[in-house]
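Thanks for making time this morning. I will go through one structure, part by part, and you can follow along on the screen.

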Amino acid sequence: MMTRKEFLKKTAIVAGGVLIPVAALEVLTPERLQAIQADKAVRWGFLVDTQRCVGCGFCVKACKLENDVPYDADASRTWVERYVLTSDGQFHADSPEEGRNGFTVGAIDQNESGMLPIDPKTIEKAYFVPKLCNQCENPPCVQVCPVGATFRTPEGVVLVDRTWCIGCGYCIMACPYGARFFHPEYHTAEKCTFCYHRINDGLPSACAQACPFGARQIGDLKDPEDPVTKTIQNERVMVLKSEFGTRPQVYYVGLDWEVR
Amino acid sequence: MSGHVWRPLLVVLVLVGLLFVFRHYYVPDDFGVHAGGYSYGWYRQSAIQDWRWLPIRYQGRQTCVKCHADEATDLQGMPHVVIQCENCHGPANKHPKDPKKLTIDRTRELCLRCHAKLAYPSSARGGLRGIDAATHHPGEECVSCHNPHKPLLPTPAASDVNVRHDNQYCRPCHLDQVDVVTGMPHQIIYCESCHGYAGNHPTDPAKLTIDKSRTLCLTCHKNMAEHNVGRVCTTCHDPHKSSLQFLRFQP
């Protein structure tokens with residue numbers, strides 16, 4: 001049986017023990033929260049027109065060289081996929097070396113299973129789909145980071161803090177698009193930054209600049225006069241895996257149901 | 001409360017306290033909640049600047065044409081005008097300071113990125129001019145025949161069949177012959193001087209008529225008028241290799 005005195009003592013200890021760590025946390029007032037979430041003038045968005053892509057892979061080459069991603073490593077911030085539907089109803093997809101050297105042969109790269117020759121006469125449809133980080137409005141990769149090493153900037157770009165990343169790999173697993181990987185040299189999580197150093201200097205991202213056909217465009221979604229914004233508002237566009245609720249900010253023209 | 005409760009509790013409290021001291025010194029001052037709130041904005045603010053200050057490697061065409069205006073003029077109206085200079089010439093970085101010279105990718109593989117024929121009906125790739133790399137002069141560098149800045153071959157007006165073509169016009173298809181004559185005295189002669197005007201060959205005419213007559217050779221080689229009178233010169237002489245091995249068959 002606990003006495004009244006003992007009960008009060010124990011309550012005080014427990015409450016005190018709980019309060020110490022709580023006091024160490026930052027408590028945000030609604031005003032402060034609103035202030036730090038204040039609208040930035042820019043929201044970067046990306047438009048991929050798959051109709052225009054010819055699979056030359058200049059975007060992947062430019063990205064790797066611009067961003068110091070080891071050129072021969074089997075990892076890339078952006079990549080180009082090829083989809084081929086043949087008349088027997090079979091769907092083939094590949095991305096040899098992430099499309100770095102372009103698509104120069106008709107055969108499909110099946111990795112260890114070798115190359116699958118495709119008879120051009122049997123092709124019903126075939127097209128290329130460039131992929132990159134979707135810079136989601138609700139990035140699951142950021143949510144899972146246990147140390148706060150990845151975050152969404154006020155302009156909507158998801159970045160990685162290389163000095164803070166512990167390399168646990170949660171974010172790589174959490175990304176539904178497979179857009180993250182380990183940087184072979186820094187040993188931290190690596191991803192597309194929309195060429196953050198370029199777009200803030202008024203240049204397009206390296207991939208968008210390298211694309212000869214305008215299949216990749218980057219723009220400010222908050223500027224109604226931006227050609228990218230206009231296309232997204234006025235044309236039929238799609239995002240990848242909308243069912244995940246991630247709200248991607250990379251929009252696609254001419255996407256097909258097979259593209260994942 | 002007895003000592004066996006207080007002692008471990010004290011140890012725990014001290015550890016928690018040490019943790020906060022460590023945290024205070026270890027965590028940067030600008031680490032905290034920023035734009036995006038707790039869900040997406042829990043980070044070190046200066047990490048943004050880390051990304052901001054990376055060097056720009058690909059400078060873009062606008063930078064190149066400031067000095068290389070001639071090349072820009074060459075490309076005007078050409079299909080390759082849409083291709084960034086640095087796609088083939090490599091990233092400029094701080095050129096002309098560093099690097100002083102760019103390394104041009106002249107490989108066949110570079111051109112094949114677009115010009116390997118892939119007849120894809122539902123992609124822009126299907127509409128690009130393409131070759132079968134296995135049969136179209138395998139092993140040759142594309143740039144030995146095609147000028148990447150002026151990729152379109154000159155096409156004469158159909159009405160005027162007497163417009164003379166540069167020998168390089170013939171080279172893409174007649175590589176062997178044009179290369180053989182290069183370095184020989186006859187390299188200064190137009191292919192069409194002997195082979196006839198190409199017009200819109202191979203469409204029209206499908207085949208050219210070669211002038212093998214003695215008269216044609218004697219136009220220049222006048223002192224040979226008495227040499228083996230009545231014979232056709234090309235019986236013994238190879239006009240493409242006229243210099244060193246001027247005889248088809250060594251006696």
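Chain B is divided into two domains, domain 1 covering 56-152 and domain 2 covering 156-251. Keep in mind throughout that this is a predicted model. The C-alpha centres of the two domains of chain B lie 33 Å apart.

Staying with chain B, look at the loop between helix 6 and helix 7, where B:P96 is found. B:H95 and B:P96 are joined by a cis peptide bond, with omega about 10 degrees. B:P99 lies in the loop between helix 6 and helix 7 as well. A cis peptide bond joins B:D98 to B:P99, and here omega is about 0 degrees. As background, most peptide bonds are trans, and most residues other than glycine have a negative phi.

That second point brings me to B:N228, in the segment after helix 11 (214-218) of chain B. B:N228 is not a glycine, yet it has a positive phi of about 50 degrees. Is B:N228 buried or exposed? With 11 other C-beta atoms within 10 Å, B:N228 is exposed; the cut-off for exposed is 12 or fewer.

Now chain A. Chain A has eight helices and 12 strands. Its radius of gyration is 23 Å, well over the 18 Å that the globule rule gives for 260 residues, so chain A is more spread out than a compact globule. Along the principal axes, the C-alpha atoms of chain A fill a box of roughly 90 × 45 × 35 Å. Of the 260 residues in chain A, 42% are buried. If we take contacts in chain A between residues at least 6 apart in sequence, 61% of them join residues at least 24 apart.

Chain A is also divided into domains: domain 1 is made of 44-135 + 194-253, and domain 2 is 140-190. Their centres, taken over C-alpha atoms, are separated by 21 Å. How many residues does each domain of chain A bring to the contact? Domain 1 gives 16 residues and domain 2 gives 13 residues. By class, the domain 1 side has 10 nonpolar, four polar and two charged residues.

Next, a sheet in chain A. Three strands form an open sheet in the order 3-2-6, with antiparallel pairing. The edge strands are strand 3 (91-94) and strand 6 (123-131), each pairing on one side only. On average, neighbouring strands of this sheet are turned by 15 degrees against each other, direction ignored. Eight bridges join strand 2 (residues 79-86) to strand 6 of chain A. Two examples: A:V80 has A:P130 as its bridge partner, and A:R82 has A:F128. Seven of the nine residues of strand 6 are buried, so strand 6 of chain A is largely enclosed by the rest of the structure.

Past strand 3 of chain A, in the loop that leads to strand 4 (108-109), is A:E98. Phi of A:E98 is near 60 degrees, a positive value in a residue other than glycine. A:E98 has 22 C-beta neighbours inside 10 Å and counts as buried; that label needs 20 or more.

Then there is helix 3 of chain A, residues 58-66. Why is helix 3 of chain A described as largely enclosed by the rest of the structure? Because eight of its nine residues are buried. Among them are A:F58, A:V60 and A:K61. What do the buried residues of helix 3 of chain A pack against? Within chain A, the partners are strand 2, strand 6, helix 7 (206-210) and strand 11 (216-220); from chain B, they are helix 6 (85-89) and helix 7 (108-115). Just after helix 3 of chain A, A:D68 takes a positive phi of about 55 degrees.

That takes us to the contact between the chains. 45 residues of chain B are in contact with 53 residues of chain A. Elements of chain B that each supply at least two residues to its side include helix 1 (3-26), helix 3 (46-52) and helix 7. By class, the chain B side has 28 nonpolar, 11 polar and six charged residues.

One last residue at this contact, A:H197, which sits in helix 6 (residues 196-199) of chain A. A:H197 touches B:W51, B:R52, B:W53, B:L54 and B:I56. A:H197 is buried, with 21 other C-beta atoms within 10 Å. Its C-alpha atom is separated by 22 Å from that of A:C171, 26 residues apart along the chain.

Definitions and conventions. Residues numbered from 1 in each chain as written. Chains lettered and ligands numbered in written order. Predicted model: local features only at pLDDT ≥ 70, side-chain atom pairs only at ≥ 80, totals over all residues. Pairing = 2+ DSSP bridges. Helix = DSSP H or I, 4+ residues; strand = E, 2+ residues; numbered from the N terminus. Axes fitted to C-alpha atoms, helices over the stretch in contact; angles between N-to-C directions. Contact = placed C-beta atoms within 7 Å. Rg over C-alpha atoms; globule rule 2.2 N^0.38 Å. Nonpolar A, V, L, I, M, F, W, Y, C, P; charged D, E, K, R; others polar. Domains from an automatic or database assignment. Lists of a residue's contacts leave out its neighbours within four places in sequence.
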